[in-house]
Amino acid sequence: MGQQKSRRKRGVILTTKGLNKFFEARESQEVEKNYGYRYTLEELSDRTGLVPMTITKVLNCKAGVDKQTLLQLFQAFGLELRKSDYTFPTPALIKSQSETLPQTDWGDAIDVSVFYGREDELKNLQDWIVKDCSRFVGIYGIGGIGKTALSVKLAQRIQEKFEFVIWRSIRNCPSVEEIIGNSIQFFAGDKTINLPESLFNRLSLFLHYLKAHRCLLILDGIETIFQGGEPVGQYREGYEGYSELFKLVGETSHQSCLLMTSREKPKEIISLGGASLPVRSLQIVGLKAADVKAILNSKGIFNISDTECLRLIQSYGGNPQALKIVATSIQDLFAGNISEFFAQNITVFGDIQELLDQQFNRLSLLEQEIMYWLAMNQKPVKLNQFSQNITSPEKLPQVLGAVESLRRRSLLENNAGFFSLKSVVREYVNQKRLVEGVFKEENELVIGIIRPHC
């Protein structure tokens, strides 16, 4: 009798099997019934009838709860609680259970409690990382397209598949030695680690953890370690070690994943990547109409016609950051009237111009010249038109290289071999040409490698 009372007092905890069973059911319900959004603790409380503190206690598996609590939690997700799903806690078991939960370090990751669309992208990325066990995955696209938010949302969704999750911003240009060293210290936990001084030895120790544990490392905004004013993918002085990190992760067999976001597609992901290879990349495009309307609604703009929505998507390429900026202007300056906004015939201004300035100013002079030439063309052009319009045929390899570089920067659209600028980029470049007087006289290009369009 005394032993039974003791057990009732200690309660029960979920086994690893029971915990994973609940996580899988919750994830399935989030996709099917919550538009892919992660259930908050408050939403779980509403659904199960359990107070948030009790839910946290159950999922931490560090202290016992009443069996009825587990029944209530499982029934809320259509699950049957079996004997194999729970057990009585012991110090050794609690320690073992805690080690199965992911250890996370989110750094300065942004809040994604409000997140629009991207279900297809999330599913693709999740399949690559979880099902296909991809080792190195890149998310790239033009500034403001939503790469950072997508990386955080994805990591939240798949974190339970990993032992360690680390999210780091590269926007302040930390050295690769710092990134690797901090990661190793996190993986090691309370253990004392003497970090090697050399990059080679530090990478070797880092690889040891990638092989021994299931780790997810997210590096956000790696374009900052590339040299501006040069062809895409040239590392800044002192940051060449990142190339060694990318090659190590992509080429070596291990059970972990490095996920990176960038405005510029790095050369390592191009050379190592492929549809059936463990290195993959995904270019992010604009949002769909329903998600664009949701953004406008969040800014207080309602009753948007399909025509108005389509024009906004075409004007700004479905770019969520640009749409949030312009929605604020429409609300503040035109009382939410989209038609009055378009009547001004100005799509690039303020923060949108600053967003594009950041990317344009990183281009080489030849890339900028190609942008001006394309902006003057009203129709998409094929590659052979570049060869027909260059003043020096021997410069053709440089021109084609610059076109490829622009593609890797997500500034060019390629539709069945026809190249063009995105609508908002074309408006920006034409505006820059006229306002800043880039041309010495009308239709005269500064460098002169490409003949002016007539």
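Q: Is C133 buried or exposed?
A: In between: C133 is partly exposed, with a relative accessible area of 44%. On that scale, buried means under 20% relative accessible area, exposed over 50%, and partly exposed in between, with a 1.4 Å probe and protein chains only. Keep in mind that this is a predicted model, where local features need pLDDT of at least 70, side-chain atom pairs count only at pLDDT 80 or more, and totals for chains, interfaces and linings use all residues. Residues are numbered from 1 along each chain as its sequence is written, and side-chain values use heavy atoms, with hydrogens and water left out.

Q: How many disulfides are there?
A: Zero disulfides in this structure. The term covers a pair of cysteine sulfur atoms within 2.5 Å.

Q: Why no bond for C133?
A: Because the closest cysteine sulfur, in C257, is 9.4 Å from the sulfur of C133, which is too far for a bond.

Q: And C173, buried or exposed?
A: C173 counts as buried, at 15% relative accessibility. The backbone is worth a look too: phi of C173 is near 60°, a positive value in a residue other than glycine.

Q: Where is C173 in the fold?
A: C173 is in the loop between β5 (164–169) and α9 (176–188). Helices (H or I, at least four residues) and strands (E, at least two) are DSSP runs, numbered from the N terminus.

Q: Which loop has R118, and what is its phi?
A: R118 lies between β3 (103–105) and α7 (119–131). Phi of R118 is near 70°, again positive in a residue other than glycine. R118 is buried as well, with a relative accessible area of 6%.

Q: Zooming out, how many helices and strands does the protein chain have?
A: The protein chain has 21 helices and eleven strands. Its C-alpha atoms fill a box of roughly 100 × 60 × 35 Å, taken along the principal axes.

Q: What percentage of the residues count as buried?
A: 51% of the 454 residues in the protein chain. The accessible surface comes to about 22,000 Å², and 49% of that belongs to carbon and sulfur atoms. Those areas come from the Shrake-Rupley method with a 1.4 Å probe, and for residues only the protein chains shown count as cover.

Q: What about charges, how many positive and negative side chains?
A: There are 55 positive and 52 negative side chains, and the centres of the two sets lie 8 Å apart. Lys and Arg count as positive and Asp and Glu as negative, while His and the chain ends are not counted. Each charge is placed at NZ of Lys, CZ of Arg, CG of Asp or CD of Glu.

Q: What's the mean pLDDT?
A: The protein chain has a mean of 86, and 90% of its residues reach 70 or more. pLDDT is the predictor's confidence in each residue, from 0 to 100.

Q: Where is the pLDDT below 50?
A: Residues 1–8 are one such stretch, with one contact in the model beyond near neighbours in sequence. Residues 439–446 are also below 50, but that stretch has 16 contacts beyond near neighbours. Contact means heavy atoms within 4.5 Å. Where pLDDT is low, the predicted coordinates should not be read in detail.

Q: Of the contacts between residues at least 6 apart, what percentage join residues at least 24 apart?
A: In the protein chain, 74% of them do.

Q: Switching to helix α11, which residues does S243 touch?
A: Leaving out residues up to four places away in sequence, S243 touches Y235 and E268. Helix α11 covers residues 241–251, and S243 counts as buried at 10% relative accessibility.

Q: What does L248 touch?
A: L248 is in helix α11 too, and it touches L203 and L207, again not counting residues up to four places away. L248 is buried, with a relative accessible area of 18%.

Q: Where's V348, and is it buried or exposed?
A: V348 lies in the loop between α16 (338–342) and α17 (350–360). V348 is buried, with a relative accessible area of 2%. Beyond residues up to four places away, its contacts include L356, V424 and Y428.

Q: And K422, what does it touch?
A: Under that sequence cut-off, K422 touches I142, S410, L411 and E413. K422 is in the loop between β11 (418–421) and α21 (423–436), and at 19% relative accessibility it counts as buried.
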